[in-house]
Amino acid sequence: MDHMLHNIWEQPAIAQACLELPLDLNPLHLEDTIQQIQHIQIIACGSSYHAGLVAKTWFEAIAHLPTQVQEASEYPAIDPFLTPQGFRIFISQSGFTSDVITVAQSVKKATSQGLPNSISTLGITNGSQTPLHTWVDHIIQTPAGTEQAIAATKTFLAQLIILLRLVLQLATQRQTQSQQTLDRLNQALSAVPSQIEQTLQQQTAILPTLAQRLLHAEHCILLGRGIQRAIALEGALKLKETAYLHAEGYSAGDFMHGPIALIEPGFPLIAIALPNSLNYNKTIENLRRIKSYGATVIGITPSTNLEMVDLCDHICPIDLNTPSLDCSSHTATEWLSPLLTVLPLQLLAHAIAQIRGYTMDQPRHLTKFLA
């Protein structure tokens, strides 16, 4: 059975399950300390780290909480953020990720020795009764079900939705957004399962041709700006771990400061660009310059974005019918878009791996705890 493809197509149902999951700050015993939180620290690895990078934008823009995202394997021996005003979130798909568990243990040990600890620690995992449960104060278990493929797809989406719901609840408690804004964001979020379904279906006709076009590619660049940079990193990871295609994710602006020297005629580049998003016009300017050097540009954008349709060699369409909502220089469309823009990248990685004859579910050198 092709578990990876099955997991990808499960995501509309998984998204709905995440929206229906009871998620209340009161059972987490945070209701009395919400106003004391001064910053967030997210600790994770791999795809979970990328989910944390997406959440950083949400925590800062929606809940007005400065957020640091830390790779667990690079966690400092002496943590400068170990303060009573910090709220730590440990993310592990399986709940067994050794680097994440090591950090959780060190934080717990610091508490037992009387050192300043964060207000509370929260684990987000897809597993039940895992080591992570032992070392954090509270757990949210995502309802993604067993993900037998090595590459995280449905568990990544589940982490994003749970993190966004947590952000919206913190914003409500802290009153950092108007109730109208929060109501409209929750309304927009409720439409995401059907948008995921539509976006997946829209890839069916184009992916075989696009995967064939990239069959012999040795390198690929993925670009995203703002919140989409994390999705570019996640897409690059999927291409590396499933299709064994060397891929790198960059912010669209930073790519122009050196790495653009890689571009030559035919070089494949995937760009995420959404109309009305922050600095969209700058991204278009970057892509026009990159295109002038002969790159083959693949765009992830709504099919109604004629500017990208004309500019790109291929379009992977996404279904973005989110109501316009201008707030803190972002829109509801931009805030929710990572839940959709990652989908074509998951399917593309799978399609390239498939035509290259690789076993997508069990990439070489990689192992995974099932959860």
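**Sheet and helix packing in a predicted model**

Biologist: What is the strand order of the open sheet of five strands?

Modeller: This is a predicted model. Its open sheet has five strands, with parallel pairing. The order is β7-β6-β8-β9-β10.

Biologist: Which are the edge strands?

Modeller: An edge strand here pairs on one side only. From one strand to the next, the twist averages 20°. The strands at the edges are β7 (246-251) and β10 (314-317).

Biologist: Over how many bridges do β6 and β7 pair?

Modeller: Strand β6 covers residues 219-224 and pairs with β7 in the parallel sense. Within this part of the sheet, Cys220 stands opposite Ala247 in β7. The pairing of β6 with β7 runs over six bridges.

Biologist: Which strands does helix α10 touch?

Modeller: Helix α10 spans residues 228-243 and packs on the sheet. The direction of α10 makes about 175° with that of β7. The strands touched by α10 are β6, β7 and β8 (268-272).

Biologist: At what angle does helix α12 run to β8?

Modeller: Helix α12 is formed by residues 280-292. It lies across β6, β8 and β9 (296-301). Its angle to β8 is about 170°.

Biologist: Is α6 roughly parallel or antiparallel to α15?

Modeller: Helix α6 (residues 154-174) and helix α15 (residues 338-355) pack with axes 10 Å apart, at an angle of about 170°. Angles over 145 degrees count as roughly antiparallel. Therefore α6 is, relative to α15, roughly antiparallel.

Biologist: Which residues of α15 make the contact with α6?

Modeller: By class, the contact has seven nonpolar, no polar and no charged residues. Helix α6 contributes Phe156, Leu157, Leu160 and Ile161. From α15 come Pro338, Leu339 and Val342.

Technical notes: Residues numbered from 1 in each chain as written. Predicted model: local features only at pLDDT ≥ 70, side-chain atom pairs only at ≥ 80, totals over all residues. Heavy atoms only, no water. Axes fitted to C-alpha atoms, helices over the stretch in contact; angles between N-to-C directions. Helix = DSSP H or I, 4+ residues; strand = E, 2+ residues; numbered from the N terminus. Parallel < 35°, antiparallel > 145°, perpendicular 65-115°, else oblique. Contact = heavy atoms within 4.5 Å. Nonpolar A, V, L, I, M, F, W, Y, C, P; charged D, E, K, R; others polar. Pairing = 2+ DSSP bridges.
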